[in-house]
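Subject: the model, and what turned up in it

Hi,

Here is the structure I promised to send over. Have a look first, and then read on for my notes.

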Amino acid sequence: MSQEEMIKAMGEGDREAFREFYQETVRPVYSFILSLTKSPYEAEDLVQETYLSVWTKADSYVPQGKPLAWVFTIARNLCYMRFRQQKMMSDMALDDLEGKEEGVYCEPLEQAADRKVLLDALGRISREERQIVLLHAAAGMKHREVAEALELPLATVLSKYNRSMKKLQHILKYPN
């Protein structure tokens, strides 16, 4: 069953089609969201929200290209909404802290050192470069699939991937 057929079936309430669609697309969707959030915890949470939205909006899906691009659009919009909410909460927290000498809550570091180093390195390249690298390297998508999903020319994806990998190698070799 094609992804478009799966979405159509989901719109009719077919849970098996949803399960199949999820299994087929979750890796690239997670990698895409991770490239935006830079946080594995946020990415996992937003993946769930994305697929909930996909399930509820499947009946209104209109084929206009690749179904994965539609899912990426939903994911991107959810990420941007989350960023706006976090900014508002941060601004409110800063207002509450005025005049106080208390420290700000900081989430404990629970990740391994290697993972932290890699995430820091990924944070030092552009968002688009990060998306291309994670979709290809972490999600296992072919360069052609990455180009289609991000709606970029294949040559652009190839050159940005190679430049990004060189940048990451340099960053990891010379962290400061």
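Let me start with Met 10, which sits in helix H1 (residues 3-11); helices here are DSSP runs of H or I with at least four residues, strands are runs of E with at least two, and both are numbered from the N terminus. Met 10 counts as buried because its relative accessibility is 2%. The cut-offs are under 20% relative accessible area for buried, over 50% for exposed, and partly exposed in between, with a 1.4 Å probe and protein chains only. Met 10 and Val 54 are 44 residues apart along the chain, and their C-alpha atoms are separated by 8.8 Å.

Before going further, some housekeeping. This is a predicted model, in which local features need pLDDT of at least 70 and side-chain atom pairs count only at pLDDT 80 or more, while totals for chains, interfaces and linings use all residues. Residues are numbered from 1 along each chain as its sequence is written, and side-chain values use heavy atoms, with hydrogens and water left out.

As for the overall picture, the protein has eight helices and zero strands, so to speak an α-α-α-α-α-α-α-α run from the N terminus on. Of its 176 residues, 36% are buried.Helix H2 (residues 15-37) is worth a look on your screen. At the N-terminal end of H2, Asp 14 acts as a cap, with a side-chain oxygen 2.9 Å from the backbone nitrogen of Glu 16. That is a polar contact, meaning a pair of N or O atoms within 3.5 Å; within protein, one must be able to donate a hydrogen and the other to accept it, and residues adjacent in sequence count only if both atoms are side-chain atoms. Further along, H2 bends by about 50° at Thr 25, and Pro 28 follows within four residues. The bend is the angle between two fitted axes, one for the seven residues ending at that position and one for the seven starting there. H2 has 23 residues, yet its end C-alpha atoms are only 29 Å apart, short of the 33 Å that a straight helix would reach at 1.5 Å a residue. That expected span is 1.5 Å times one less than the number of residues.

What comes after H2? It is Lys 38, with a positive phi near 65°. Lys 38 belongs to the loop between H2 and H3 and is partly exposed because its relative accessibility is 38%. Glu 151 is another non-glycine residue with a positive phi, about 55°. You'll find Glu 151 in the loop between helix H7 (143-150) and H8, where it counts as exposed because its relative accessible area is 66%. Most residues other than glycine have a negative phi.

Now the charged pairs. A salt bridge here is a side-chain nitrogen of Lys or Arg within 4 Å of a carboxyl oxygen of Asp or Glu, and by this rule the count comes to eight. Here are some of them:

- Glu 49 and Arg 82 meet at 2.2 Å, N to O. This pair links distant parts of the chain, with Glu 49 in helix H3 (residues 40-57) and Arg 82 in helix H4 (residues 67-97), 33 residues apart. Arg 82 is buried, as its relative accessible area is 12%, whereas Glu 49 is partly exposed at 29% relative accessibility. Both belong to a network of salt bridges with Glu 42 and Asp 45.
- Lys 160 and Glu 128 form a salt bridge at 2.3 Å, N to O. Lys 160 lies in helix H8 (residues 154-173) and Glu 128 in helix H6 (residues 127-138), distant parts of the chain 32 residues apart. Lys 160 is partly exposed, with a relative accessible area of 22%, and Glu 128 is partly exposed too, with 27%.
- Lys 167 and Glu 129 form a salt bridge at 2.6 Å, N to O. Again distant parts of the chain are linked, with Lys 167 in helix H8 and Glu 129 in helix H6, 38 residues apart. Glu 129 is buried because its relative accessibility is 7%, while Lys 167 is partly exposed at 39% relative accessible area.

Last item: the surface. Val 117, Leu 118 and Leu 172 form a nonpolar patch there, with about 250 Å² of accessible area together. Patches are made of residues with over 30% relative accessible area and no salt bridge; like charges are joined within 9 Å, and nonpolar side chains (Val, Leu, Ile, Met, Phe, Trp, Tyr) within 5 Å. The areas come from the Shrake-Rupley method with a 1.4 Å probe, and for residues only the protein chains shown count as cover. Val 117 lies in helix H5 (residues 113-123) and counts as partly exposed because its relative accessibility is 44%.

Cheers
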